[in-house]
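Got the viewer open and a selection box ready? Let's take a walk through this one, stop by stop.

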Amino acid sequence: MISNPTRACYSLALLAWNARLVSTFSITTSTTRSLSRTFPCHQHRAFSASSILAMSTEQTEVRVGANLEEVRQKIAESCNSAGRDVSTVQLVAVSKTKPLELVKEAYESGQRVFGENYAQELVDKATSIGESDVTWHFIGGLQSNKANMLVKGVVPHGVLVVETVSSLKVARKLDNAMSEFEGKKLDIFVQVNTSGEDSKSGVEPSEVADLCQQITNECERIQLKGVMTIGAPGDTECLDSLVKCRDDVASVLGLKPEELGLSMGMSNDYEVAIAKGSTNVRVGSTIFGARDYSNKT
């Protein structure tokens, strides 16, 4: 039998929990209204009670604005050490698997360039925000049958950059999808597998120059912006390899090396990558916190 004092404790605990739920819903509703003011064309989406609670909890645990400022400071320090102007390095805030509320928080802290790994998630976020000054970088593996959906789902709402082109087939699909947007070109990077790992996507370093030349010659609605790699953790030779690939591509296309970008460096090595010449660093967990892939395939 449960004693009266124990029952009283249970009752107090239940009341406290209910109060917490009411407070959480109130805060989240206010935040969602704020998002619609930040993005004028924002289209509201319905969220379940559990997803609202999850987003609210995540927001209280992750200080996106402070994290962004810290990353920007480290980028500035790295550029200074390398004798580079900070404007030569672009920060791509990787928001994959993160709720729209955290993207909004980063936006309010001045961030305008975001990276996503999943085509459908990127389309959903771009559609939810609506027309804006956001630039979306797709940095995940892209199947050719998803190219059309990605382009048509994102380009009407903002700028799309595809960093993971690794075949002429995918480039052609992207080029065809851009035919509906007269006068616009799609910026792309060619992904290079600098580590030689089977688990990594990308063209072989020895093949990248030929692929870039083919894309440039055949895809008139695509603008080659540079080369990209993920590389093996802690292996700086992968960074050096991408620099050589960029130089080879520039030579084949009759360009100066600095006319092509280098997308390399993530949360664990972006400072080293900047020292090696990176112009695009992709930082995610350092800004948005650890990721939850439980709902991803």
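What follows is a list of selections to make, with a few words on what you will find at each.

**The whole chain**

Before zooming in, keep in mind that this is a predicted model. Colour by secondary structure and you should be able to pick out 11 helices and 8 strands. The protein chain has 297 residues, and 46% of them are buried. Switch on a surface if you like: the accessible area comes to about 14800 Å², with carbon and sulfur atoms accounting for 49% of it. If you prefer a contact map, take the contacts between residues at least 6 apart in sequence; 67% of those join residues at least 24 apart.

**The nonpolar core**

Next, go inside. In soluble globular proteins, nonpolar side chains tend to be buried together. Here the largest nonpolar core counts 69 residues, and L150, V162, L174 and I215 are the ones with the most contacts inside it. Helix α9, residues 236-253, is the biggest contributor to this core, with 6 residues.

Which residues does I215 touch, leaving out those up to four places away in sequence? Select I215 and show what surrounds the side chain: V165, L168, A171, I188, V190 and I222 are the residues to look for.

**Helix α7 and its cover**

Select 168-177, which is α7. Its buried residues are L168, V170, A171, L174, D175 and A177. Now bring in the neighbours: the cover over these buried residues includes α6 (147-154), β4 (159-165), β5 (186-191), α8 and β6 (222-228).

**α7 against α8**

Add 208-218 to the selection to get α8 alongside α7. Two packed helices are described by the angle between their axes and the distance between the axes. For α7 and α8, the axes come within 10 Å and cross at roughly 25 degrees. That angle is under 35 degrees, so α7 counts as roughly parallel to α8. The crossing is right-handed. To see the contact itself, show side chains for L168, A171, R172 and D175 on the α7 side, and for L211, Q214, I215 and E218 on the α8 side.

**V208, in α8**

Stay with α8 and click V208. Is V208 buried or exposed? With a relative accessibility of 1%, V208 is buried. Beyond its neighbours within four places in sequence, V208 is in contact with V190, V192, V203, V227, C245 and V249. Try a distance label to S166 too: the two C-alpha atoms are 8.5 Å apart, though 42 residues separate V208 and S166 in sequence.

**α8 against α9**

C245 and V249, both contacts of V208, lead you over to α9. The axes of α8 and α9 come within 9 Å and cross at roughly 45 degrees, which makes this pair oblique. The crossing is right-handed. On the α8 side, select V208, A209, C212, Q213 and T216; they meet C245, D248, V249, V252 and L253 of α9.

**α3 against α4**

Now move to 64-82 and 100-108, which are α3 and α4. Their axes come within 9 Å, with a crossing angle of roughly 55 degrees, so the two helices are oblique to each other. The crossing is right-handed. V64, G65 and L68 from α3 meet L102, E105 and A106 from α4.

While you are on α3, pick N80. N80 counts as exposed because its relative accessibility is 62%. Draw a line from its C-alpha to that of A275: the separation is 9.6 Å, for residues 195 apart along the chain.

**Two loop stops**

Select T97, in the loop between β1 (90-94) and α4. What is the phi of T97? The angle is near 70 degrees, a positive value in a residue other than glycine. T97 has 17% relative accessibility and therefore counts as buried.

Finish at S132, in the loop between α5 (119-129) and β3 (135-138). At 23% relative accessibility, S132 is classed as partly exposed. Label the C-alpha distance from S132 to V159 and you get 8.8 Å, across 27 residues of sequence.

Note on methods:
Residues numbered from 1 in each chain as written. Predicted model: local features only at pLDDT ≥ 70, side-chain atom pairs only at ≥ 80, totals over all residues. Heavy atoms only, no water. Helix = DSSP H or I, 4+ residues; strand = E, 2+ residues; numbered from the N terminus. Buried < 20%, exposed > 50% of the residue type's maximum accessible area, 1.4 Å probe, protein only. Contact = heavy atoms within 4.5 Å. Areas by Shrake-Rupley, 256 points an atom, 1.4 Å probe, with all protein chains shown as cover. Core = buried A, V, L, I, M, F, W, Y, C linked by side-chain atoms within 4.5 Å. Axes fitted to C-alpha atoms, helices over the stretch in contact; angles between N-to-C directions. Parallel < 35°, antiparallel > 145°, perpendicular 65-115°, else oblique. Left-handed = near helix turned anticlockwise from the far one by under 90°.
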